[in-house]
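These are my notebook entries on a single protein chain. I set down what I looked up, entry by entry.

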Amino acid sequence: MNKVNLVGRITADPKIDMIEGKKQTRFTVAIRRKFSKNKKNDIDYISCVAKGHNAEFIEQHFTKGNNIVIVGEIRTKKYKSGGRINYSTSIFVEEVDFVRSDEDFKANERS
């Protein structure tokens, strides 16, 4: 099974591109790791790709610094550059959602 769940912050405003006639956005999500050996939070920067409706939704509702929930799958691409074979890894977005704040949860409990 290839399934990834991420919660993090978008590092830049997403922009829509047309790739082979389909809408697509590439963006990066910053995710804080639990404390490392030196008791300091490390941050991972995860490349993500969304297409179609998900790309439009992300562009319309998310900006730099917003929290985002992503469900997707890991995809790896192989390419040649300068005679070398390189690999890139990104998350292909299948589902996207807002991160709810504590106030949202409290409001839901009252209703």
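**Entry 1, serine 90.** I asked whether serine 90 is buried or exposed in this predicted model. Its relative accessibility is 16%, and serine 90 therefore counts as buried, the cut-off being under 20%. I located serine 90 in strand E6. I then listed its contacts, leaving out residues up to four places away in sequence: serine 90 touches Ser47 and Val49, and also Glu73, Ile74 and Arg75.

**Entry 2, asparagine 86.** I turned to asparagine 86, which is also found in strand E6. Asparagine 86 counts as buried because its relative accessibility is 17%, which is under the 20% limit. With neighbours within four places in sequence set aside, I found asparagine 86 in contact with Lys77, Lys78, Tyr79, Lys80 and Ser81.

**Entry 3, the nonpolar core.** I looked up the largest nonpolar core and noted 17 residues in it. Which members touch the most other members? They are Phe27, Cys48, Ile58, Ile68 and Ile70. At least two residues of this core come from each of strands E1 (4-10), E3 (22-35), E4 (41-51), E5 (67-81) and E6 (84-98), and from helix H1 (52-61). I noted as background that nonpolar side chains tend to be buried together in soluble globular proteins. I followed isoleucine 58 further: leaving aside neighbours within four places in sequence, isoleucine 58 is in contact with Ile10, Pro14, Phe27, Ala50, Ile68 and Val96.

**Entry 4, aromatic rings.** I counted three aromatic pairs. Phe57, Phe62 and Phe98 form one aromatic cluster. I also examined phenylalanine 92, and found the charged end of arginine 75 over its ring, 3.9 Å from the ring centre. Arginine 75 had already appeared among the contacts of serine 90.

**Entry 5, glutamate 20.** I checked the backbone at glutamate 20, which has a positive phi of about 50 degrees although it is not a glycine. For comparison, I recalled that most residues other than glycine have a negative phi. Glutamate 20 lies in the loop between strand E2 (17-19) and E3. Its relative accessible area is 79%, so I recorded glutamate 20 as exposed.

**Entry 6, confidence.** I noted a mean pLDDT of 88 for the protein chain, with 86% of its residues reaching 70 or more. Over residues 104-111 the pLDDT is below 50, and this stretch has one contact in the model beyond near neighbours in sequence. Where pLDDT is low, the predicted coordinates should not be read in detail.

Definitions and conventions. Residues numbered from 1 in each chain as written. Predicted model: local features only at pLDDT ≥ 70, side-chain atom pairs only at ≥ 80, totals over all residues. Heavy atoms only, no water. Core = buried A, V, L, I, M, F, W, Y, C linked by side-chain atoms within 4.5 Å. Buried < 20%, exposed > 50% of the residue type's maximum accessible area, 1.4 Å probe, protein only. Helix = DSSP H or I, 4+ residues; strand = E, 2+ residues; numbered from the N terminus. Contact = heavy atoms within 4.5 Å. pLDDT = per-residue confidence, 0-100. Phe/Tyr/Trp six-rings, centres within 6.5 Å; stacked < 30°, edge-to-face > 60°. Lys NZ or Arg CZ within 6 Å of the ring centre and 35° of its normal.
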